[in-house]
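Me: I have a structure open that I have never looked at before. Could you walk me through it?

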Amino acid sequence: MTESARPSDVHDATEHIVREMTEAQLKQAGIQADYWHGGPTYYRDGRELNPCEKVLLPAVAPDTAPVDQQTEST
């Protein structure tokens, strides 16, 4: 029997494709890009990632997002 997730264990996240991520997003996800062989090869936790692989990044709460990412409410 598995333990159910408690509400405090569940967090909003956004899904990203590895090859489409910015350097900042890669760093946030703990992914390293190796450009040694011409094209990037991606690694996380010592494992090579497929560039098409999807990963999750924590979503930024609207009240903590940088001002340029916040939407104005009218």
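Reply: We can go from the overall layout to the sheet, the core and a few single residues, keeping in mind that this is a predicted model.

Me: Okay, how many helices and strands does the protein have, and what pattern do they follow along the sequence?

Reply: The protein has 1 helix and 5 strands, and read along the sequence these follow the pattern β-α-β-β-β-β.

Me: And what share of the residues counts as buried?

Reply: Of the 74 residues in the protein, 16% count as buried. The protein exposes about 6400 Å², and carbon and sulfur atoms supply 51% of that area.

Me: Let's go to the strands, then. What order do they have in the open sheet?

Reply: The open sheet has 3 strands in the order β2-β3-β4, with antiparallel pairing. Its edge strands are β2 and β4, each of which pairs on one side only. From one strand to the next, the twist averages 40 degrees.

Me: How many bridges hold β2 and β3 together?

Reply: Strand β2, residues 32-34, pairs with strand β3, residues 41-44, over 3 bridges in the antiparallel sense, and within this pairing Ala-33 stands opposite Tyr-42 in β3. The two strands form a hairpin with 6 residues between them, where Gly-38 takes a positive phi near 95 degrees.

Me: What about the other side of the sheet, between β3 and β4?

Reply: There, 3 bridges join β3 to strand β4, residues 47-49, and the two run antiparallel; Tyr-43 has Glu-48 in β4 as its bridge partner. This is a hairpin as well, with 2 residues between the strands, and Asp-45 lies in the turn.

Me: Is Asp-45 buried or exposed there?

Reply: Asp-45 is exposed, because its relative accessible area is 77%, which is over the 50% cut-off for that label. The phi of Asp-45 is near 55 degrees, a positive value in a residue other than glycine.

Me: Why is a positive phi worth pointing out?

Reply: It is worth pointing out because most residues other than glycine have a negative phi.

Me: Back to β3 for a moment. Is Thr-41 buried or exposed?

Reply: Thr-41 is in strand β3 and counts as buried, because its relative accessibility is 15%, under the 20% cut-off. Leaving aside neighbours within four places in sequence, Thr-41 is in contact with Gln-32, Ala-33, Asp-34 and Glu-48.

Me: New topic: which strand pairs with β1?

Reply: β1 pairs with β5 in the antiparallel sense, over 5 bridges. One of the residues involved is Ile-17, whose bridge partner in β5 is Lys-54.

Me: Which way do the side chains along β5 point?

Reply: They alternate along the strand, which covers residues 54-58. Val-55 and Leu-57 point to one face and are buried, while Lys-54, Leu-56 and Pro-58 point to the other and are not.

Me: Which residues make up the largest nonpolar core?

Reply: That core has 9 residues in all: Val-18, Met-21, Leu-26, Ala-29, Ile-31, Tyr-42, Leu-49, Val-55 and Leu-57. As background, nonpolar side chains in soluble globular proteins tend to be buried together.

Me: Let's pick one core member. Where does Val-18 lie, and what does it touch?

Reply: Val-18 lies in the loop between β1 and α1, and it counts as buried because its relative accessibility is 0%. Beyond its neighbours within four places in sequence, Val-18 is in contact with Leu-26, Ile-31, Tyr-42, Leu-49, Asn-50, Pro-51, Glu-53 and Val-55.

Me: And what does Leu-49 touch?

Reply: Not counting residues up to four places away in sequence, Leu-49 touches Val-18, Ile-31, Tyr-42, Tyr-43 and Arg-44.

Me: Last one: where is His-16, and which side chain does it have a polar contact with?

Reply: His-16 is in strand β1, residues 13-17, and a polar contact of 2.8 Å joins its side chain to that of Thr-14. Again leaving out residues up to four places away in sequence, His-16 touches Met-21, Gln-25, Glu-53, Lys-54, Val-55 and Leu-57.

Note on methods:
Residues numbered from 1 in each chain as written. Predicted model: local features only at pLDDT ≥ 70, side-chain atom pairs only at ≥ 80, totals over all residues. Heavy atoms only, no water. Helix = DSSP H or I, 4+ residues; strand = E, 2+ residues; numbered from the N terminus. Polar contact = N/O pair within 3.5 Å; in protein donor to acceptor, adjacent residues only side chain to side chain. Contact = heavy atoms within 4.5 Å. Pairing = 2+ DSSP bridges. Axes fitted to C-alpha atoms, helices over the stretch in contact; angles between N-to-C directions. Buried < 20%, exposed > 50% of the residue type's maximum accessible area, 1.4 Å probe, protein only. Areas by Shrake-Rupley, 256 points an atom, 1.4 Å probe, with all protein chains shown as cover. Core = buried A, V, L, I, M, F, W, Y, C linked by side-chain atoms within 4.5 Å.
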